[in-house]
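User: Can you walk me through this model? Short answers are fine.
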Amino acid sequence: KYAFGLGLNQVLCVNILFAAALLPPGHALGTEILERIQNTDIDILQINSSLQAVVIGFALSLSSSALGLQLLADKKMLTTQLGTASLGVLLFQDLAVVPFIILLPVLQTLKMQGGDAGMGGMDVDYGLMAASTATSFLDLGVLSYAGYWVAVQGYKTVTKLECGNDVFVALSLLVLFGFSNATSAIGFSDSLGAFLAGLVLAGTPYAHDIMTELRAFKGLFLSLFFVTIGTTIDLPLAVELFPIVLAMTAGLMVAKTGVVTALGPFTGLSWRESLVAGAFLSQGGEFAFVIFGQATSGSGGSLFQ
């Protein structure tokens, strides 16, 4: 109810809301509002195609699982109804990332072939694109199944030989790097490989032991991730466009809070619970960086050129 009801509709509504604010290319209402806020006209606020609007809309519809779950845990709300609803939405968002990342190369191919509006009107071989998408899903399916079998056999051996916790942790990291390198080799991001590794390890009989052993590294890796993201911020640009950055941040949080607040009562939440859940889910998500990274540097060409 919460994952495929509230979560699905939240992603769709926020995606449509932000995509609508960015369209039509060159004359978008959202772009005009931002330009009036700072009384400027800069190319960085313009998009060139509806494909870019779809990518941006989906990326902004995601919320931070790490931050959201930590806030819920700190407030002791994970076991409440709104905590369960928030967890369901976050789970659906994380699962929705996988097919979208798989489809990104297809969207890049569509752009390269000129199939989007304003790209030259060239014919697109949809059959070829469908075959490419099916092949991508098949590749990841085979990788996941093979990786699961290898991981289970590895943990079974380590447990049988009583090699100790260090070897157990090392095997977990080996599975992680193995998946990351494998997905990178077949044309996807290594971040997708890391996510698939987590899904595969969660499905093994040793999931609880893995979580227990890696818990000590959680804070370290999470801090490293956010520090890495922080170092990529263009501070001079952020200072120059601070009014626009502030308006976009406020707009993101208000829009996502409003959508969850409006949809919550349809899944059994009260208005207050819906509002609080919306506030917990109002921030941006980590996977947005993965999506934007692949959209701008994928093998099919950048969607934002």
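**K156, pockets and confidence**

Analyst: K156 is partly exposed, because its relative accessible area is 43%; buried means under 20%, exposed over 50%, and partly exposed in between, with a 1.4 Å probe and protein chains only. This is a predicted model: local features need pLDDT of at least 70, side-chain atom pairs count only at pLDDT 80 or more, and totals for chains, interfaces and linings use all residues. Residues are numbered from 1 along each chain as its sequence is written, and side-chain values use heavy atoms, with hydrogens and water left out.

User: Which helix is K156 found in?

Analyst: Helix α6, residues 126–161. Helices are DSSP runs (H or I, at least four residues), numbered from the N terminus.

User: And how far apart are the C-alpha atoms of K156 and L69?

Analyst: They are separated by 31 Å, with the two positions 87 residues apart along the chain.

User: Switching to pockets. How much space lies in the largest pocket?

Analyst: About 2400 Å³. A pocket is an open set of points on a 1 Å grid over the protein atoms alone, where a 1.4 Å probe fits, with protein on both sides within 12 Å along at least five of seven lines; lining residues have an atom within 4 Å of a point. The volume is the space filled by probe spheres set on the points, which are joined across faces, edges and corners.

User: Which residues are closest to its centre?

Analyst: A194, F195, G198, F221 and L222, out of 43 that line the largest pocket. Helix α9 supplies the largest share of that lining, 14 residues.

User: What is the lining of the largest pocket like by class?

Analyst: It has 30 nonpolar, 8 polar and 5 charged residues. Ala, Val, Leu, Ile, Met, Phe, Trp, Tyr, Cys and Pro count as nonpolar, Asp, Glu, Lys and Arg as charged, and the others, Gly among them, as polar.

User: How much space lies in the second largest pocket?

Analyst: About 2000 Å³. Of its 49 lining residues, L60, M248, T249, L252 and F292 are the closest to the centre. Helix α11 gives the most to this lining, with 9 residues.

User: P243 lies in α11 too. What does P243 touch?

Analyst: I37 and Q38, leaving out residues up to four places away in sequence. Contact means heavy atoms within 4.5 Å. P243 counts as partly exposed, because its relative accessibility is 35%.

User: What pLDDT does the chain average?

Analyst: The average is 83, and 90% of the residues score at least 70. pLDDT is the predictor's confidence in each residue, from 0 to 100. Over residues 115–122 it is below 50.

Key. Helices (H or I, at least four residues) and strands (E, at least two) are DSSP runs, numbered from the N terminus.
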